[in-house]
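Colleague: I'm new to this one, so could you pick a single part and take me through it closely? Please explain the terms as you go.

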Amino acid sequence: MNYCKIIWFCLLSFCCTSLFAQTTINFEENLIAKYLGKQLYTFSDTRGRKSFNEIRALESLFELSKGDVIDFGVSNNNNWVKFDVYNNSENDKIILNLGYPPIDEVEFYVIRHDNVYSYRVDKKTEIENRHYNHQFFLFDILIKKGESATCYLKLKSNKQLIAPITFNTQKTLIQETTNTDVFSGLYLGTMVVMILYNLFIYFSGKDKQYLLYVNYIFWVALAQACLLGYVQRFLYDSNIWLNENLLTLAGAMSGVGTILFVKDFLNTKNLAPRLNKILNLILIGDLLAIVLLFFGFALVCYQVVNLI
């Protein structure tokens, strides 16, 4: 009977250990530039009051992410990401790449040899003052081959918060960011050409529809440029309010631009009065969201824009 109890106790201990043990990411060359979401653990501090030391003591509350890219949704929470990494490559430095510029606050903690190293980047941090002169959040993990480290990310945003996290080396980081810049430049360049072309047609024929279409394209392009981080990187960097809110403003204004163009192009006032009333309600919603934004309700504004 005693032997059975001992066996059951050992099995129970093993199961509990397996349940709460967190896997370690084995960094090798074939892992570079691949999304790590399914190997990361997450926890949302709904009250936003817990310090880093308190978070460290709550390891059992972290849950394994289910997607390749973590999606925390829209909230005012302090969102945490945790992972252990073992360097099985010849590189003495692993670069963590969080490729989502709209995040408002990012804190990165590395625990190595019982020492804690922390880095903070927020909308007040000019890009030229970051360790890497790029709109992506890039952090060094300085561990040699055969060494390991435990890392935490604290993320906060008043917009949709997703965390596309990858590992890079110095060489692959240059390749990846260059490719991103080139393809993004092609897309944004195409949008600029469309704006200029339609402006030319407007000034040639004075057709108001082309001006409304230009207005729509402008705000869509601006929203995409904000989402990709290029507005902050190239046009302004020191205006905190614009850094935090221009993406939301551009999203709302693109909605306004869409409604104005559709109403005029389809002549809904005369040909589809019911549709026209619905479009007017959506237009009022977008304008209300913009008012809320200027009164400091950025999170509510973003939710309203997404809802309509």
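Modeller: Let's start at one bridge: Leu-98 has Phe-137 in E9 as its partner. The names come from DSSP runs counted from the N terminus, where a helix is an H or I run of at least four residues and a strand is an E run of at least two. Leu-98 belongs to strand E6, residues 94-98, and E6 lines up antiparallel with E9 through five bridges. Two strands are said to pair once DSSP finds at least two bridges between them.

Before we go on, a word on the ground rules. This is a predicted model, so local features need pLDDT of at least 70 and side-chain atom pairs count only at pLDDT 80 or more, while totals for chains, interfaces and linings use all residues. Residues are numbered from 1 along each chain as its sequence is written, and side-chain values use heavy atoms, with hydrogens and water left out.

Back to E9. How many of its residues are buried? Five of the five are, so E9 is largely enclosed by the rest of the structure. Buried here means under 20% relative accessible area, exposed means over 50%, and partly exposed is in between, with a 1.4 Å probe and protein chains only. In a regular strand, side chains alternate between the two faces of the sheet. In E9, Phe-137, Phe-139 and Ile-141 point one way, Leu-138 and Asp-140 point the other way, and all are buried.

Now zoom out to the sheet around E9. The sheet is open and has three strands in the order E9-E6-E12, paired antiparallel. E9 (137-141) and E12 (165-168) sit at the edges with a single partner strand each, so one side of each has no neighbour in the sheet. On average, neighbouring strands in this sheet are turned by 25 degrees against each other, direction ignored. What packs on the sheet? H3 does: it touches E6, E9 and E12, and its direction makes about 125 degrees with that of E12. For these angles, axes are lines fitted to C-alpha atoms, for helices over the stretch in contact, and angles run from 0 to 180 degrees between N-to-C directions. Touching, or contact, means heavy atoms within 4.5 Å.

H3 leads us on to another helix. H3 (residues 170-205) packs with H4 (residues 208-228) at an angle of about 165 degrees, and their axes are 9 Å apart. That makes H3 roughly antiparallel to H4; the labels are roughly parallel under 35 degrees, roughly antiparallel over 145, roughly perpendicular from 65 to 115, and oblique for the rest. H3 and H4 cross in a left-handed way, meaning the near helix is turned anticlockwise from the far one by less than a right angle, whereas clockwise would be right-handed. On the H3 side, the residues that meet H4 include Tyr-187, Leu-188, Met-191 and Ile-195; on the H4 side, those that meet H3 include Val-214, Ile-217, Phe-218 and Ala-221. Sorted by class, this contact has 18 nonpolar, three polar and one charged residues. Nonpolar covers Ala, Val, Leu, Ile, Met, Phe, Trp, Tyr, Cys and Pro, charged covers Asp, Glu, Lys and Arg, and the others, Gly among them, are polar.

Follow the chain a bit further and you reach Val-231, which is in helix H5 (residues 230-235). Val-231 counts as buried because its relative accessibility is 4%. Leaving out residues up to four places away in sequence, Val-231 touches Leu-222, Ala-225, Cys-226, Tyr-236 and Leu-246. Val-231 is also 9.6 Å from Gln-135, C-alpha to C-alpha, although 96 residues separate them in sequence.

For another strand, try E7 (residues 105-112): seven of its eight residues are buried, so E7 is largely enclosed by the rest of the structure. Eight bridges join E7 to E8 (residues 115-122), and the two run antiparallel. Tyr-109 stands opposite Ser-118 in E8. There are two residues between the strands of this hairpin, where His-113 takes a positive phi near 55 degrees. E7 also pairs antiparallel with E10 (residues 148-156) over seven bridges, and there Ile-111 stands opposite Thr-150.

And the whole chain? It has nine helices and 12 strands, and 43% of its 308 residues are buried.
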